[in-house]
Amino acid sequence: MKEVEKLSESTNYSAVNLGDLKDIMDYSLIHPASKNLIEGKVFLKDATKATGTEISFNSLPPQSEQSYFHIHRKNEETYIIIKGSGFFQVDEDCFSIKEGSTIRVAPQGKRGIRNSSNETMIYMVIQSKENSLEEHTVADGERVPVEPKWR
């Protein structure tokens, strides 16, 4: 099982590197509930010390599907398809997805995903508490004077 590489860390940040996404299958974990081995999946909450989101990178082999549908109690999920194509189902709605597709699912949405392509599908899932975002984009940002060290 491959470990997430720590790049740098200080009071206000944690930086990690997963490596090339083509090597996502090098990651694996034991699912906490089912106790099954899941290959090609890595969670980043602990590695980055995140307190408001859980981010995972996931893979589905060609012509396969996630073996279950699921819901959440409190958290919405946003799926971002990075590579591959297939189908996504929420409740009774099923639609095509491909690289660049982004799907937000409310906690109670029954969700599942299928890779119908001939390549490994790679996708990211961002999980956060529903309705917790109070400020966003430019409303939450403030420019500050800093001299870049990369110059």
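A residue counts as buried when its relative accessible area is under 20%. By this criterion Gln66, with a relative accessible area of 14%, is buried in the present model, which is a predicted one. Gln66 is found in the loop between S7 and S8. Leaving aside residues up to four places away in sequence, Gln66 touches Leu60, Arg111, Gly112, Ile113 and Tyr123. Among these contacts, Leu60, Ile113 and Tyr123 are members of the largest nonpolar core, which is described below.

The strands on either side of this loop belong to two open sheets. One sheet consists of four strands in the order S7-S12-S9-S10, with antiparallel pairing. Its edges are formed by strand S7 (64-65) and strand S10 (93-98); each of these has a single partner strand, so one side of each is left without a neighbour in the sheet. S7 is joined in the antiparallel sense to strand S12 (residues 111-115) over two bridges, and Ser64 stands opposite Asn115 in S12. At the other edge, strand S9 (residues 85-90) and S10 pair over six bridges, again in the antiparallel sense. In this pairing Ser85 is placed opposite Lys98 in S10. S9 and S10 form a hairpin with two residues between them.

The other sheet is made of five strands in the order S5-S6-S13-S8-S11, and its pairing is also antiparallel. Strand S5 (42-43) and strand S11 (102-105) are the edge strands, each pairing on one side only. S5 and strand S6 (residues 54-60) run antiparallel and are joined by two bridges. The bridge partner of Val42 in S6 is Phe57.

Two residues in loops next to these strands have unusual backbone angles. Most residues other than glycine have a negative phi. Gln63, although not a glycine, has a positive phi of about 55°. Its place is in the loop between S6 and S7. With a relative accessible area of 42%, Gln63 is partly exposed. Asp91 likewise has a positive phi, near 55°, and is a residue other than glycine. Asp91 lies in the loop between S9 and S10, that is, in the turn of the hairpin. Its relative accessibility of 36% places Asp91 in the partly exposed class.

Attention now turns to the interior. In soluble globular proteins, nonpolar side chains tend to be buried together. The largest nonpolar core comprises 12 residues: Leu60, Tyr79, Ile81, Phe88, Val90, Ile97, Ile103, Val105, Ile113, Met121, Tyr123 and Val125. S8, S9, S11 and S13 are the elements that give two or more residues to this core. The most is given by S13, with three residues. Ile97, one of the core members, touches Ile81, Ser85, Gly86, Phe87, Phe88, Ile103, Ile113 and Met121, when residues up to four places away in sequence are not counted. A second, separate core has eight residues, including Leu18, Ile24, Val42 and Leu44.

Leu18, from the second core, is found in the loop between strand S2 (13-17) and strand S3 (28-30). Leu18 is buried, with a relative accessible area of 11%. Its contacts, again not counting residues up to four places away in sequence, are Lys2, Val4, Tyr27, Val42, Leu44 and Phe57. Two of these, Val42 and Phe57, are the bridge partners noted above for S5 and S6. The C-alpha atoms of Leu18 and Ala33 are separated by 24 Å, the two residues being 15 residues apart along the chain.

Aromatic rings also pair within the model. A pair of aromatic rings is described by the distance of the centres and the angle of the planes. The structure holds three aromatic pairs. One of them, formed by Tyr79 and Tyr123, is stacked, at 6.0 Å centre to centre and with 25° between the planes. This pair links distant parts of the chain: Tyr79 is in strand S8 (residues 75-83) and Tyr123 in strand S13 (residues 121-129), 44 residues apart. Both Tyr79 and Tyr123 are buried. Ring pairs link Tyr79, Phe88, Phe95 and Tyr123 into a cluster. Of these, Tyr79, Phe88 and Tyr123 are also part of the largest nonpolar core.

How values were computed: Residues numbered from 1 in each chain as written. Predicted model: local features only at pLDDT ≥ 70, side-chain atom pairs only at ≥ 80, totals over all residues. Heavy atoms only, no water. Phe/Tyr/Trp six-rings, centres within 6.5 Å; stacked < 30°, edge-to-face > 60°. Buried < 20%, exposed > 50% of the residue type's maximum accessible area, 1.4 Å probe, protein only. Pairing = 2+ DSSP bridges. Contact = heavy atoms within 4.5 Å. Core = buried A, V, L, I, M, F, W, Y, C linked by side-chain atoms within 4.5 Å.
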